[in-house]
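Reader: I am new to this structure. Could you take a close look at its interior for me, and then at the other places that can be described residue by residue?

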Amino acid sequence: LHPGYLNLEKTEAVLSEFCKVLSQVQREADVALILKLKCARMVVDICCYVKDSIANLDMSGDKAPLVAWKQNCNVMLGALKWLGLLCKSRMARLVLLLTGRVVLLADVATAYLEMHFADALKPQELEGGPVLFLPQLLHVLALHMKQVPPDGAYREVQGTLSSYLLLGLAEKLRELFGRAEIRGLKFFEGTSPLPLLLLRAMCFLGTVVCAYRAPKAGDTHQEVLEMFHDTELFGVVGILVSILLSEGRREKGAKLPQTVISICVQAVRILNHIARIDLPTVQKTLGASRQQEFYHLLVSLLDYCVGRLPASMVKPGPSGQASDLLHEAVVLLGFYCLQEPENQSILCYGEGQALLARLASLPLYYFMDERGKSILFPTILASCFRSEQNLEVLRSEMNMSLVRSYLASQMNLQGGEEVPGLPTFASRFPPELWEEAIAFFDAN
């Protein structure tokens with residue numbers, strides 16, 4: 001790699017052979033040698049070079065440089081495959097994080113999203129280019145956020161997260177989701193690579209917001225909250241509505257594509273992570289103007305998931321994406337209703353079975369298993385606390401002593417017993433409400 005020049009043919013061949021070698025590497029000493037030789041830095045530089053090279057290609061007209069286009073795409077795919085193999089190592093991920101190379105890759109991803117949106121590249125979508133290597137690039141970026149930073153590196157990792165969120169990538173992903181909204185379920189028809197891109201984008205954002213923590217000082221956190229607001233929580237509600245509701249009510253038993261279910265799980269999980277970061281942002285964004293839309297979305301999610309679970313279920317099955325989606329939707333409903341009377345009103349909306357009645361008729365797992373109760377009961381508490389109307393509906397659907405007993409047990413534990421994969425009880429129903437809640441449910 002020389003300034004301003006890259007032999008694409010030789011680079012493609014070297015990367016191909018190097019990937020074969022790297023796939024056999026198991027010792028940390030081998031990874032350390034690769035890093036010492038600055039191979040990772042050079043491969044990231046190759047990604048940046050190819051990004052600029054593709055951007056400068058004029059793909060319009062009859063004389064489009066198709067050979068150069070294909071060579072650049074192959075080199076980019078080889079470089080990303082190499083990085084994906086290298087980043088299986090925790091040491092390699094830390095080095096790329098702490099040397100700022102990950103931020104460069106985020107810039108590359110932002111540029112490729114811009115290219116993907118450009119009209120000139122659309123004829124090439126299915127043959128190569130950004131739509132093919134953006135999923136792998138987002139996967140590589142997400143890998144760096146799935147680890148606990150070592151002592152002394154916490155600030156650098158959080159700085160990288162803020163860069164992901166504030167330096168244009170989040171806005172471009174929101175634009176990607178917005179374009180997908182227009183097409184609804186048609187987006188997932190055929191053999192297009194676009195659904196994989198959409199799924200990897202959701203997974204990337206989910207990883208980022210899961211790892212993000214508000215800084216103790218500085219203005220970046222307020223900027224992050226403003227970004228959540230300005231992008232309407234990355235636009236994930238809009239794409240969920242487009243996918244699940246655009247074609248009206250589905251036939252009972254109709255099955256959604258697996259990719260759609262995976263995207264829905266990630267999208268609802270993103271909303272729950274943002275609620276952990278700043279609950280008012282989620283409640284405000286999903287309230288008022290989007291309340292009816294959000295209500296129909298929840299009804300659709302609950303009905304679809306429950307329709308795939310036996311009523312007598314006492315434990316989720318091994319391939320439980322429907323149960324995962326149901327868990328996330330129930331948790332989100334609790335966050336949405338917490339100390340928000342107007343939001344609580346959707347629990348009694350509509351004709352037929354109300355949302356609250358749907359919760360009370362979930363499978364036995366949610367009333368007998370400790371993890372199941374940890375999913376459902378904080379949401380029931382948040383939905384009914386201080387709401388006489390909701391409490392009246394709930395009383396006709398289930399034994400209120402179950403709710404009171406669950407709250408009393410959490411108070412005895414000080415809400416400190418963590419359930420893997422779930423927000424803590426204290427984050428879903430704050431300790432300052434416990435005494436008042438016990439008195440409220442006792443009185444009723």
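Author: The account below starts with the nonpolar core and goes on to a pocket, two helices and some charged pairs. The model is predicted: local features need pLDDT of at least 70 and side-chain atom pairs pLDDT 80 or more, while totals for chains, interfaces and linings use all residues. Residues are numbered from 1 along each chain as its sequence is written, and side-chain values use heavy atoms, without hydrogens and water.

The largest nonpolar core holds 161 residues. Such a core is a set of buried Ala, Val, Leu, Ile, Met, Phe, Trp, Tyr and Cys residues joined through side-chain atoms within 4.5 Å; buried is under 20% relative accessible area, exposed over 50%, and partly exposed in between (1.4 Å probe, protein chains only). W82 and F234 have the most contacts inside the largest core. Helix α13, residues 258-277, gives the most to this core, with twelve residues. Helices are DSSP runs (H or I, at least four residues), numbered from the N terminus. Apart from neighbours within four places in sequence, W82 is in contact (heavy atoms within 4.5 Å) with L15, F18, C19, L22, I34, C39, A40 and V43.

Helix α13 appears again at the second largest pocket, where four lining residues, the largest share, come from α13. A pocket is an open set of points on a 1 Å grid where a 1.4 Å probe fits, with protein on both sides within 12 Å along at least five of seven lines; lining residues have an atom within 4 Å of a point. The volume of the second largest pocket, the space filled by probe spheres set on the points, is about 350 Å³. Its lining has 15 residues, of which H273, R276, G421, L422 and P423 are the closest to the centre. Both α13 and α16 (321-337) supply at least two residues of this lining.

Helix α5 covers residues 90-98, and its buried residues are A92, R93, L94, L96 and L97. At the start of α5, the backbone nitrogen of M91 has a side-chain oxygen of S89 within 3.3 Å. After α5 comes G100, with a positive phi near 80°.

Helix α17 consists of residues 341-344 and includes Q344. Q344 is buried, at 4% relative accessibility. A polar atom of the Q344 side chain lies 3.0 Å from the backbone oxygen of F385. With neighbours within four places in sequence left aside, the residues in contact with Q344 are C337, A382, S383, C384, F385, S387 and N390.

The charged pairs come last. There are 16 salt bridges, each a side-chain nitrogen of Lys or Arg within 4 Å of a carboxyl oxygen of Asp or Glu. In one of them, E17 pairs with K20, with the closest N and O atoms 3.3 Å apart. E17 and K20 are three residues apart in helix α1 (residues 8-22), so about one helical turn separates them. E17 is partly exposed, at 46% relative accessible area.

D30 and R27 form another salt bridge, at 3.0 Å between the closest N and O atoms. D30 is partly exposed at 24%, whereas R27 is exposed at 54%.

K172 and E175 meet at 3.9 Å, N to O. They too are three residues apart, about one turn, here in helix α9 (residues 169-181). E175 is partly exposed, with 29% relative accessibility. A network of salt bridges links K172 and E175 with E114 and R179.

Terms used. Polar contact = N/O pair within 3.5 Å; in protein donor to acceptor, adjacent residues only side chain to side chain.
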